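Got the viewer open and the cartoon on? Let's walk through a few spots, one selection at a time.

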Amino acid sequence: MTSHYLAKLRMLLQRSLRQPLRLNPRLKQPATPSDTQTAITGLISLTLPLFMFMAYFSLSGCDDAGSDANSSDASDHLVVYCAHDSIYSEEILNRFTKETGIDIDIRFDTEATKSLGLVQSIIAEAEHPRCDVFWNNEILGTLDLAERGLLHAYQSPNADRIPAKFKSTDSTWTGFGGRLRLYIINTNKMEASPESVEEALTGDLSQMAVAKPLYGTTLTQYALMWSEMGGDAVKEWYQQRTKQGWKIVQGNAVVKNLVASGVCEFGWTDTDDYFLAVDDKQPVAMLPIRTEGGQTICIPNTVAIVKGTEQESASQQLVDFLLSPEIELALANSRSRQVPLGTVDETKLPEQVKQLQEWAAEGVPLEGLLKARNECLDWLKEEFLQ
């Protein structure tokens, strides 16, 4: 194949250019200027045809499959920034490539920065976007990007099956596969009932664990409280809980571990972390966290096309794919038990997810949270980053 020959030619050229100037073998001394000039002239005469040959094929874009194939490959190549756990999302994105032939480069976030790192990357790259499609596992960062005008509006035909409260009014993002905020309770330590939780919240909270609220779904919960209660009330509530001695830990997974092991009696986490404890046969139960108005907190994955993409058609195909009933079912049947937000064949759902569907239907709309999130985050940075 042409690419094989080009690789060989490049290797030969690089090898020739790495050869040092040798001593004049007749004089046993360093080469004279005339010797050097002769060597350079010979090198040029040797390599010039190689340069011309390589330039010809580079410009013509020839390959054994033809120039049309190269053009197709370039136009179908996608860069996806993905905040959903790679153990679940990579399999789905590979499935997309297998079904469509569209190659994907995936950039995942890290546990330390959650989805915030990917959001900041998209902001930093706004003048020269690298990302085509952003699969976020929460919503606040997506709202931030939409507010900055960094998302490309696209009305996917599969978005029609998603309730209005889980998608943007301007078609810049759509939600799918949600998680719920909940209380995780060690059933060896306390009864898993709303009454028991209410009673526990009035006393010593040294047996309650919560994640640091600077990022992720815990930040979303704080922003929602800020929106409903007002900033002063949230600050007062937070100070009271701190006086009661609750444990603030690094993340939702840590909360799950502390409660599952019995170090703490209960705490806040997400459904995906909770089900990891269930699968490990730990003595845990769950109750939904509810807002002041009695609604649940269902946080969807979101998918959006980044403004400035040069792969609009392929990006739209990926969005359609992720918003399909098949992918929501795949997420529901994974260990994370993501809750389908649109209509699916419920006979294919695990029983545990069917219960979550009822709670997700009561979820509070989250699209208008950006202002509250920004104000709340400014305060939280003062609390935790001093």
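Keep in mind as you click around that this is a predicted model.

Start with strand β6 and its partner β7, residues 247-249: the two run parallel and are joined by three bridges. Pick out valine 210 and you'll find isoleucine 248 as its bridge partner in β7. Now bring in β8, residues 266-270, which also runs parallel to β6, with two bridges joining them. Here the pair to show is methionine 208 opposite phenylalanine 266.

Next, show the side chains of β6 itself, residues 208-211. In a regular strand, side chains alternate between the two faces of the sheet. Met208 and Val210 sit on one side, Ala209 and Ala211 on the other, and all of them are buried, so both faces are covered.

Move on to helix α11, residues 271-279, and colour its buried residues: Thr271, Asp272, Asp273, Tyr274, Phe275 and Ala277. To see what covers them, turn on β5, α10, β8, β9 and α14, which are among the covering elements. After the helix, stop at lysine 281, where phi is positive, near 60°.

Last stop: threonine 296, in the loop between β9 and β10. Is threonine 296 buried or exposed? It counts as buried because its relative accessibility is 0%. Select tryptophan 359 too: the two are 63 residues apart in sequence, yet 6.4 Å apart C-alpha to C-alpha. Zoom in and the threonine 296 side chain reaches the backbone oxygen of tryptophan 359 at 2.6 Å. Beyond its neighbours within four places in sequence, threonine 296 has other contacts to display, including Leu180, Pro288, Glu362 and Val364.

Notes. Residues numbered from 1 in each chain as written. Predicted model: local features only at pLDDT ≥ 70, side-chain atom pairs only at ≥ 80, totals over all residues. Heavy atoms only, no water. Buried < 20%, exposed > 50% of the residue type's maximum accessible area, 1.4 Å probe, protein only. Helix = DSSP H or I, 4+ residues; strand = E, 2+ residues; numbered from the N terminus. Pairing = 2+ DSSP bridges. Contact = heavy atoms within 4.5 Å. Polar contact = N/O pair within 3.5 Å; in protein donor to acceptor, adjacent residues only side chain to side chain.
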